[in-house]
Amino acid sequence: MVRVIGATYKKNRIGIIRAMPWSFIVSRVVTGVTQIVFPFFIYHYFLAGNLNADFGVYTGGADYITYIVLGAALNVLAVSTLMNVGRALITELREGTLEVLLLSPASRTGYFLGCLGEQTMRALLEFGTVLAVGGIFGADLRQTFTLQFVLVILLAILGFFCMGLSLSAVMLEARDTYITQNTLFFLMSLTCGIAFPIQYLPQWVQSFAQIFPLTPAVELFRRVMIHGQGIGENVELLAQLLILSVIYAVIGIVWFRRKERILIERIFG
Amino acid sequence: MKNILLVMKAEIKKQQEHNYHSYFVYFSLLIWPVLGFLEVYYTYKPFSLTGNFIGISSGKELLAFLATGYMAYNCYWSMVQNAWSMSYQERTGGTLEVSFLSPASRMAMNYGKALGALLQEVWMFCCFCLFILLYAESIRWDNIFLLPVIFILLLGSSTIWGGMMNAIFLFSRDAEIFMDLFDTPMVLFSGTRIPAACFPVWAKVISLLFPLTYCLNIIRLVLHITGDGAGIGADLLRLGICLLLMVGITKVLLRRAEANNRKNGELQFY
């Protein structure tokens, strides 16, 4: 499997170096920065820091700008990982290389791990850029680069990766990337607590938000970064993130195996 | 005039035949804008609206403010998006050069493309915004006659904006960067989500560059959302000047795009 991971990493890396998808990267960073700038303008220029009491209750007295910046940065990491992993198979299909992949005895999990490894540096670069911009806007980022910070990010990437496996199967099934990914990202952005605590949403939407790994990941990230808590103090969030990861990974793998059989029959039958 | 209207009608028909054959379009035309609108509305939830913030002092007034902002923004943004997708699709499909090979008026074709897209892309979301405006009581029986005025204003100004976008996208095969360039600054500085009146001076200066700023000011003043209507004349004059400027720029850009392609050998784009 290690060789498959290495080969996929190398193949994707060569593709990226030769044709860097700048427009995707610029677009994701711009979206992340907008998610900071817009609440910043409301907070400083429009409503002059006039936060209501509920915000303090829901966030444990968090600083508003720090709260926003952390949400926007993790959202960029989620979108980036989901896009890069989720689009892997459909990109192979579009580029005419899916047949080779289907015929090869290489491990499918290794293939996806190779995709993940290759894209992680780019995703972290986008995440770091948004975080740095947030720092300029006044976010308190003193907890960055602590061991807890690194662990949360690794857990979050695991959750996004597993969801990406399912997304990849959905995209291959629907033969579409545009509608699927954008609908998912709009839903996540609205329901996962990126720009506001999810407690403001109706109860049924809050329950719906729990199906996305981003919801527990962003809450855990904020507790570590704002309140200096450890992961061990948030076992319920950790458990939710891990359970969701397992569920999405199983759905993705099973779905892809079924789809693989159908595709092989269709192409070579 | 008859020929111009004929060309525009043909372009509108072409747009309809080309783009609206899949239920997937309803996602981009209704579901995404509605989700985006709700996200912005909820971003305001951590704030207390007690007091009068540039004419907004309650949840309903905020809804009306955002609904007008999103309705107008959607019209303008669909123009940028459409110019990008049409330039790409027509370029690869080999029909973009028809703009230069046909004896039809270049300007009429250009504005026909914009108007066709506008009529088909924004009606669903505009219905949603109207529903919000009725709920927020910004549109009532006594001022419902203003609706056609607002629609004409929106249609006219965004078609002219769209014509300019179409002309810009004639120049390059890879003009996707314009999408980001026009989207974020326009949504932030034109007062779609936050009143431009509360901006610092530097941001107010940027907001003057977008015709959407004046268009939104007029709509909100007419509906008494951010004021009682005083100062509407100044905004109408500014919007008029802006639109005239854009028509001039579009004409120059169309000529330059054609000259550029003639000079570089052939009129084929792809």
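**Exercise 1. In which helix of chain A does A:Glu173 lie, and is A:Glu173 buried or exposed, or something in between?**

This is a predicted model, in which local features need pLDDT of at least 70, side-chain atom pairs count only at pLDDT 80 or more, and totals for chains, interfaces and linings use all residues. Residues are numbered from 1 along each chain as its sequence is written, while chains are lettered from A and ligands numbered from 1 in the order in which they are written.

Step 1. A:Glu173 lies in helix 8 of chain A, where helices are DSSP runs (H or I, at least four residues) numbered from the N terminus.

Step 2. A residue is called buried if 20 or more other C-beta atoms lie within 10 Å of its own, exposed if 12 or fewer, and partly exposed in between, with C-beta atoms placed from the backbone. Because A:Glu173 has 15 C-beta neighbours inside 10 Å, A:Glu173 counts as partly exposed.

Step 3. Along the chain, A:Glu173 and A:Val250 are 77 residues apart, and their C-alpha atoms are separated by 16 Å.

**Exercise 2. Determine how helix 4, helix 8 and helix 11 of chain A are arranged relative to each other.**

Step 1. Axes here are lines fitted to C-alpha atoms, for helices over the stretch in contact, and angles run from 0 to 180 degrees between N-to-C directions. Angles under 35 degrees count as roughly parallel, over 145 as roughly antiparallel, 65 to 115 as roughly perpendicular and the rest as oblique.

Step 2. Helix 4 (residues 64-86) and helix 8 (residues 147-174) of chain A pack at about 40° with their axes 8 Å apart, and helix 4 of chain A is therefore oblique to helix 8 of chain A. Residues count as being in contact if their C-beta atoms, placed from the backbone, lie within 7 Å; the contact includes A:Leu74, A:Ala78 and A:Val85 of helix 4 of chain A and A:Ala156, A:Phe160 and A:Met171 of helix 8 of chain A.

Step 3. The axes of helix 4 of chain A and helix 11 (residues 214-227) of chain A come within 10 Å and cross at roughly 135°, so helix 4 of chain A and helix 11 of chain A are likewise oblique to each other. Among the residues making this contact are A:Tyr67, A:Leu74 and A:Ala78 of helix 4 of chain A, together with A:Ala217, A:Phe221 and A:Met225 of helix 11 of chain A.

Step 4. For helix 8 and helix 11 of chain A, the axes come within 10 Å and cross at roughly 175°, which makes helix 8 of chain A roughly antiparallel to helix 11 of chain A. Here A:Val152, A:Ala156 and A:Gly159 are among the residues of helix 8 of chain A that meet residues of helix 11 of chain A, including A:Ala217, A:Phe221 and A:Met225.

**Exercise 3. Which residues of chain A does UniProt list for "transmembrane region", and what is the helix content of the stretches 64-85 and 145-172?**

Step 1. The unreviewed UniProt entry lists residues 21-44, 64-85, 123-139, 145-172, 184-202 and 237-256 of chain A; UniProt positions are given in the numbering used here, feature names are shortened, and annotations may be inferred rather than shown by experiment.

Step 2. Residues 64-85 of chain A are 100% helix and 0% strand, with end C-alpha atoms 32 Å apart, whereas residues 145-172 of chain A are 93% helix and 0% strand, with end C-alpha atoms 37 Å apart.

Step 3. For "domain: ABC transmembrane type-2", the unreviewed UniProt entry lists residues 27-259 of chain A; this span is 78% helix and 0% strand, and its end C-alpha atoms lie 31 Å apart.

**Exercise 4. How many residues of chain A are in contact with chain B, and which helix of chain A gives the most?**

Step 1. In total, 29 residues of chain A are in contact with 27 residues of chain B.

Step 2. Helix 2 (22-46) and helix 9 (178-191) of chain A each supply at least two residues of the side that touches chain B, and helix 2 of chain A gives the most, with 12 residues.

**Exercise 5. Check the length and the burial of helix 5 of chain B.**

Step 1. The expected span is 1.5 Å times one less than the number of residues, so the 16 residues of helix 5 (residues 106-121) of chain B should span 22 Å, and the 23 Å between its end C-alpha atoms agrees.

Step 2. Helix 5 of chain B is mostly covered, with 12 of its 16 residues buried, including B:Tyr111, B:Lys113 and B:Glu121.

Key. Contact = placed C-beta atoms within 7 Å.
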